[in-house]
Amino acid sequence: SSLFHAVEMAPRDPILGLTEQYVADTNPKKVNLGVGVYYDDNGKLPLLECVQKAEEKMMAAHAARGYLPIDGIAAYDAAVKSLVFGADSEPVKSGRVATVQALGGTGGLRVGADFLRKLNPSAKVLISDPSWENHRALFTQAGFTVETYPYYDAAKKGINFDGMLTALNTAPAGTVIVLHACCHNPTGYDLTAAQWDQVVAAVKARKLVAFLDMAYQGFGQGIAEDGLAVQKFVASGEDFFVSTSFSKSLSLYGERVGALSVLCADKDEAARVLSQLKIVIRTNYSNPPTHGGQIAATILNTPELRALWERELAGMRTRIKEMRTALVEKLKAKGVQRDFSFITQQVGMFSYSGLTKDQMVRLRNEFGVYGIESGRICVAALNTKNIDYVTESIAKVVA
Ligand code: PLP
């Protein structure tokens, strides 16, 4: 019989399945709030002007496409370090950050996971409950046992911070704690500065390993503001991991532009860590692709393009905030009694709307408004043209 006769069909990706259903839906008013991408007010995926300008520069240079170094474009890695830690920061100046270009934020997480697994094969990984659904699968595939720490408190529409802290304070030394640096996916609830202090203190006291996933830098409060958690971990003197992504912040989803940075004790240690990260990369895909990394490096290292990017990023961030406010106000205006103002306290692309699974199913089946059954909606897919229909539909299902 065939080599593959016993191969089972893997479950479908739940979010992609939802998108297929959305595409097949004939309702002309349908709205897809299940996605994890930013759309502009016309419901289109933006091609940022800073990206277009960088590509024009790149086209004019007619560069050949040699292999990149295993760790990627040096100017890209340097720009990532500056963005994540600060250009004049001590970790960057002292050379104790090992940074590699990676295939999106996912690639950064996976390179880090593979390295960590070699470093400490018996460590457990804790992810937030709930978390981005790929966290569990990714760390499991890398060989880890993955468990969760409490995060969302459905009753209080916020963070179960005591539960989170208790989990950290009882985790064995060496446990890898995956933390959303900003714009928590899926809930939209971020820790306060004071809560970060307590998390950092717990990680330090318990000798845990922090792995910050920063997929949305600039989408929450601002580029620097969203780096707060990174700054707090730097100040603690601990070593830690940060994966970054330009998928959202440069709207470069398909180019797979991300990175992994590992903060080490000193320059010598960073060189040794870098050499190990390179082995992980070399044996997986040898070296990263040129185009996306070159776009990001060109933008970040050209002052006018960098300034343009910051304006465009601020535009995306502001539009999301406006949609949050509009969502809450329009629900109120449509006579909805329940207080939805918590939506304006959330940040980033997503909102845990507090709607039940049944309500989400009704929204989809009766109104063609597609969100995740957990109640997660993508606020970045709302716009001035679809928000009235979406709020009318929500008003009907919560009535
Ligand atoms: N981490 C989180 C929390 C995310 O939400 C995402 C994307 O949705 C990623 C990582 C992956 O980003 P990328 O598309 O750059 O791999």
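## Starting from one pair

In strand β10, Ala 98 has Val 262 as its bridge partner. That pairing is part of a bigger match-up: β2 and β10 are joined by seven bridges and run antiparallel. Keep in mind as you look around that this is a predicted model.

On its other flank, let's see what β10 does. Strand β9 (residues 240–245) is linked to β10 (residues 257–263) by six bridges, and these two strands also run antiparallel. Here Phe 240 has Leu 263 of β10 as its bridge partner.

## The whole sheet

Now zoom out. Seven strands make up an open sheet, and if you walk across it you meet them in the order β2-β10-β9-β8-β7-β3-β4, with mixed pairing. The edges belong to β2 (97–103) and β4 (145–150); each has a single partner strand, so one side of each has no neighbour in the sheet. On average, neighbouring strands here are turned by 25 degrees against each other, direction ignored.

## An edge strand with company

Is β2 buried or exposed? Seven of its seven residues are buried, so the rest of the structure largely encloses β2. Val 97, Thr 99, Gln 101 and Leu 103 point one way from the strand, while Ala 98, Val 100 and Ala 102 point the other way, and all are buried.

## A helix across the strands

Helix α9 (residues 228–236) lies across β7 (176–180), β8 (209–214), β9 and β10, and it runs at about 155 degrees to β8.

Ser 236 sits in this helix. Why does Ser 236 count as partly exposed? A residue needs 20 or more other C-beta atoms within 10 Å to be buried, and 12 or fewer make it exposed. Ser 236 has 16 C-beta neighbours inside 10 Å, so it lands in the partly exposed group. Leaving out residues up to four places away in sequence, Ser 236 touches Val 200 and Lys 204. Thr 298 is another story: it is 62 residues from Ser 236 along the chain, and their C-alpha atoms are separated by 32 Å.

## The nonpolar core

The largest nonpolar core holds 117 residues, and the ones touching the most other members are Leu 168, Ile 177, Ala 210, Leu 212, Ala 296 and Met 349. Helix α12 (residues 303–333) gives the most to this core, chipping in nine residues.

What does Leu 168 touch, not counting residues up to four places away in sequence? Its contacts are Tyr 149, Ile 177, Val 199, Ala 202, Val 203, Arg 206 and Leu 208.

Notes: Residues are numbered from 1 along each chain as its sequence is written. This is a predicted model: local features need pLDDT of at least 70, side-chain atom pairs count only at pLDDT 80 or more; totals for chains, interfaces and linings use all residues. Two strands pair if DSSP finds at least two bridges between them. Helices (H or I, at least four residues) and strands (E, at least two) are DSSP runs, numbered from the N terminus. Axes are lines fitted to C-alpha atoms, for helices over the stretch in contact, and angles run from 0 to 180 degrees between N-to-C directions. Two residues are in contact if their C-beta atoms, placed from the backbone, lie within 7 Å. A nonpolar core is a set of buried Ala, Val, Leu, Ile, Met, Phe, Trp, Tyr and Cys residues joined through C-beta atoms within 7 Å.
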